[in-house]
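Me: I am new to this structure and would be grateful for a close look at a single helix and its surroundings. Please take me through it in one connected account.

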Amino acid sequence: MKSGKDFPILETARLRLRQPQGNDVQRLLAITHDIDVMRYYGMEAFKSEQEALDEINWFNSQYEKAKGIRWVITIKPQDEYIGDIGFGYARAHARADLGFKLMQEHWRQGIVREAMDAVIAYGIEEWQVNRFEAMVDPRNAACVGLLEEFGFVREGLLREYEFEKGGFVDLLMYSMLRREWATRA
């Protein structure tokens, strides 16, 4: 957990997950304008660079307050935003809600899976997370498939759980427990 430490950088074979920075604004703004990326994401596109910067500042404030952490996903050796991943944290319950988005040109290359592996390991080891949750729109077949392939368990359907883009949407609840992470293949 935070406890006065510098923001953690996570490295995998191909990826570097780092702290969001002001120079990520343009690409964060752009990803929110990609209709395919945002189709099931549950938020509107940012209208300005300032809104994207506010999001980056919010990401960083969550870490400072030990309420969560959000990394920018980059491909080594470049240091360019291609997406983001992280979790909100409920300390009293040792529970974290996982979320991510990735630029479309990087889909189906195993990038989110690789990033998730590092993020979940970090959450379990450093924040003592017992339960990771992910809520996903059932129409998002790629995300549903990724979570299930990764070992998340479908717990159920949350009917008309959120009001998004003018209508109510259902969300599927998935989870992975610490003990499942430790024994997964």
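**Helix α5 and its surroundings**

Reply: In this predicted model, helix α5 is followed by G151, a residue whose phi is positive, near 115°. The helix itself covers residues 141-150.

Which residues of α5 are buried? They are C143, V144, L146, L147 and F150. Viewed down the axis of α5, these buried residues fall within an arc of 160°, so they line one face of the helix. A general property of helices is relevant here: an α-helix has 3.6 residues a turn, so residues three or four places apart point the same way. On the face of α5 turned away from the buried side are the exposed residues A141 and E149.

What does the buried side of α5 pack against? Its partners are the strands β5 (95-102), β6 (131-136), β7 (153-164) and β8 (167-177), together with the helices α4 (111-126) and α6 (178-183).

One of the buried residues of α5, C143, also has a place in the largest pocket. This pocket is lined by 49 residues, and C143 is among those nearest its centre, along with Y41, G99, F100 and K101. The space in the largest pocket amounts to about 1,400 Å³. Its lining comprises 24 nonpolar, 15 charged and 10 polar residues.

Strand β7, one of the elements against which α5 packs, contains L158. Is L158 buried, partly exposed or exposed? With a relative accessibility of 24%, L158 counts as partly exposed, because buried means under 20%. Leaving aside residues up to four places away in sequence, L158 touches M135, V169, D170, L171 and M173. L158 and D137 are separated by 21 residues in sequence and by 9.7 Å in space, C-alpha to C-alpha.

Aromatic rings offer a further view of the surroundings. A search of the whole structure finds 12 aromatic pairs. One of them joins F87 and W127 in an edge-to-face arrangement, with 5.4 Å centre to centre and 85° between the planes. This pair links distant parts of the chain: F87 belongs to strand β4 (residues 83-90), W127 to the loop between α4 and β6, and the two are 40 residues apart. F87 is buried, with a relative accessible area of 4%, and W127 is buried as well, at 1%. At the end of α5, F150 forms a tilted aromatic pair with F152, at 6.1 Å centre to centre and 40° between the planes. Both F150 and F152 are buried. Elsewhere, ring pairs link F7, Y63, W71, F87, Y89, Y122, W127 and F132 into a cluster.

The loops on either side of α4 each hold a residue with a notable backbone angle. In the loop between β5 and α4, R108 has a positive phi of about 60° although it is not a glycine. R108 counts as exposed, with a relative accessibility of 72%. In the loop between α4 and β6, Q128 likewise has a positive phi of about 60° without being a glycine. Q128, at 45% relative accessibility, counts as partly exposed. Another backbone feature is found in the loop between β3 (68-75) and β4, where P77 is located: the peptide bond from K76 to P77 is cis, with omega near 0°.

Definitions and conventions:
Residues are numbered from 1 along each chain as its sequence is written. This is a predicted model: local features need pLDDT of at least 70, side-chain atom pairs count only at pLDDT 80 or more; totals for chains, interfaces and linings use all residues. Side-chain values use heavy atoms; hydrogens and water are left out. Buried means under 20% relative accessible area, exposed over 50%, partly exposed in between (1.4 Å probe, protein chains only). Helices (H or I, at least four residues) and strands (E, at least two) are DSSP runs, numbered from the N terminus. The arc is that of the directions from the helix axis to the C-beta atoms. Contact means heavy atoms within 4.5 Å. On a 1 Å grid over the protein atoms alone, a cavity is a set of points where a 1.4 Å probe fits but cannot get out, and a pocket is an open set with protein on both sides within 12 Å along at least five of seven lines; lining residues have an atom within 4 Å of a point. Grid points are joined across faces, edges and corners, and a volume is the space filled by probe spheres set on the points. Ala, Val, Leu, Ile, Met, Phe, Trp, Tyr, Cys and Pro count as nonpolar, Asp, Glu, Lys and Arg as charged, and the others, Gly among them, as polar. Rings of Phe, Tyr and Trp (its six-membered ring) pair if their centres lie within 6.5 Å; planes under 30 degrees apart count as stacked, over 60 as edge-to-face and the rest as tilted.
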